[in-house]
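Dear colleague,

I am passing a structure on to you below, and I would be grateful if you kept it open while reading the notes that follow it.

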Amino acid sequence: MHFDLSTLLPHLGFLARGAELTAAACALSLVGSVFMGALVAIARTSASALLRRIAFVYVDLFRNVPFIVQLFFFYYGLPELGIYIDAFTTGVVALSIAGGAYASDIIRAGILAIDQGIIDAAEVSGLSRRKIFTRIVLPIALRTSVRPLGSVLINMILTSSILSTITLNELTGSAQIVVSQTYRPFEVYVVLLCAYAALTYLVSLGVTLLHRHLNRDMMEAVD
């Protein structure tokens with residue numbers, strides 16, 4: 001076999017657009033996952049038994065059903081009910097809901113790890129419980145959860161390859177099209193391997209830097 005990457009040069013722009021679509025879908029899905037995760041984490045730490053039960057069912061359901069089944073339900077199942085969503089939006093919604101199930105555990109752990117003395121001091125200062133939670137508890141929990149949430153984002157990037165099954169030409173979908181046009185699967189998938197490795201490495205590096213920036217005061221206190 002003759003390895004020749006030059007055959008892919010005319011298709012690099014197409015693959016780059018697929019990578020941009022992957023990045024956009026994952027960025028939006030991360031926002032959705034954190035939002036969903038925060039809501040579920042709040043419900044799971046609520047005094048209401050009903051809210052805790054609903055949150056538990058949500059987490060248990062979406063963590064124990066294969067993502068491709070969830071994706072097909074949204075894209076192929078909902079139209080049977082008269083609900084039509086384009087492939088990109090479906091991918092973002094599915095990734096957000098699935099990611100939210102994992103993000104909720106992370107954010108909940110961050111909430112439970114907060115020193116009770118901080119909350120007591122805020123109560124003494126006269127802040128309402130809602131303000132304490134929104135201005136103190138949740139921001140601290142999110143700050144300390146940056147690194148594990150980065151792992152959710154990396155997993156989301158890898159999982160996004162499944163979006164090609166609903167006709168979305170993200171990175172993997174674009175690569176499959178290039179393979180069908182060039183008949184050079186080895187070269188195409190070598191590029192695909194490198195692209196995903198580069199994306200996940202950059203995300204990992206960015207998360208590490210963000211974590212250090214947000215928690216620099218804690219690190220300085222330890223030093």
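The protein chain exposes about 12500 Å², an area obtained by the Shrake-Rupley method with a 1.4 Å probe, where for residues only the protein chains shown count as cover, and carbon and sulfur atoms supply 67% of that exposed surface. Please bear in mind that this is a predicted model, in which local features need pLDDT of at least 70 and side-chain atom pairs count only at pLDDT 80 or more, while totals for chains, interfaces and linings use all residues. Residues are numbered from 1 along each chain as its sequence is written, and side-chain values use heavy atoms, with hydrogens and water left out.

As to the overall build, the protein chain has 10 helices and zero strands, where helices (H or I, at least four residues) and strands (E, at least two) are DSSP runs numbered from the N terminus. Its C-alpha atoms fill a box of roughly 70 × 55 × 25 Å when this is taken along the principal axes. Of the 223 residues, 38% count as buried, where buried means under 20% relative accessible area, exposed means over 50%, and partly exposed lies in between (1.4 Å probe, protein chains only). Among the contacts in the protein chain with a separation of 6 or more, 76% come from residues 24 or more positions apart, a contact being heavy atoms within 4.5 Å.

One helix pair deserves a closer look. The axes of helix H1 (residues 12-44) and helix H4 (residues 87-112) come within 5 Å and cross at roughly 45°; such axes are lines fitted to C-alpha atoms, for helices over the stretch in contact, with angles running from 0 to 180 degrees between N-to-C directions. That angle makes H1 oblique to H4, given that angles under 35 degrees count as roughly parallel, over 145 as roughly antiparallel, 65 to 115 as roughly perpendicular and the rest as oblique. The residues of the contact of H1 with H4 divide into 15 nonpolar, nine polar and three charged, with Ala, Val, Leu, Ile, Met, Phe, Trp, Tyr, Cys and Pro counted as nonpolar, Asp, Glu, Lys and Arg as charged, and the others, Gly among them, as polar.

Next come some residues around helix H6. Ser-145 lies in the loop between helix H6 (129-144) and helix H7 (146-159), and it is buried, with a relative accessible area of 2%. Not counting residues up to four places away in sequence, Ser-145 touches Ile-106, Ile-107 and Gly-110. Arg-143, which lies in helix H6, counts as partly exposed at 22% relative accessibility, and its C-alpha atom is separated by 7.6 Å from that of His-211, 68 residues apart from it along the chain. Arg-143 is also touched by Leu-214, as is Val-146, again leaving out residues up to four places away in sequence. Leu-214 itself lies in helix H9 (residues 185-214) and is partly exposed, with a relative accessible area of 31%.

Finally, two loop residues have backbone angles that you may wish to inspect. Thr-167, in the loop between H7 and helix H8 (171-182), has a phi near 70°, a positive value in a residue other than glycine, and it counts as exposed at 56% relative accessibility. Tyr-183, in the loop between H8 and H9, has a positive phi of about 55° although it is not a glycine, and it is exposed, with a relative accessible area of 68%.

With best wishes
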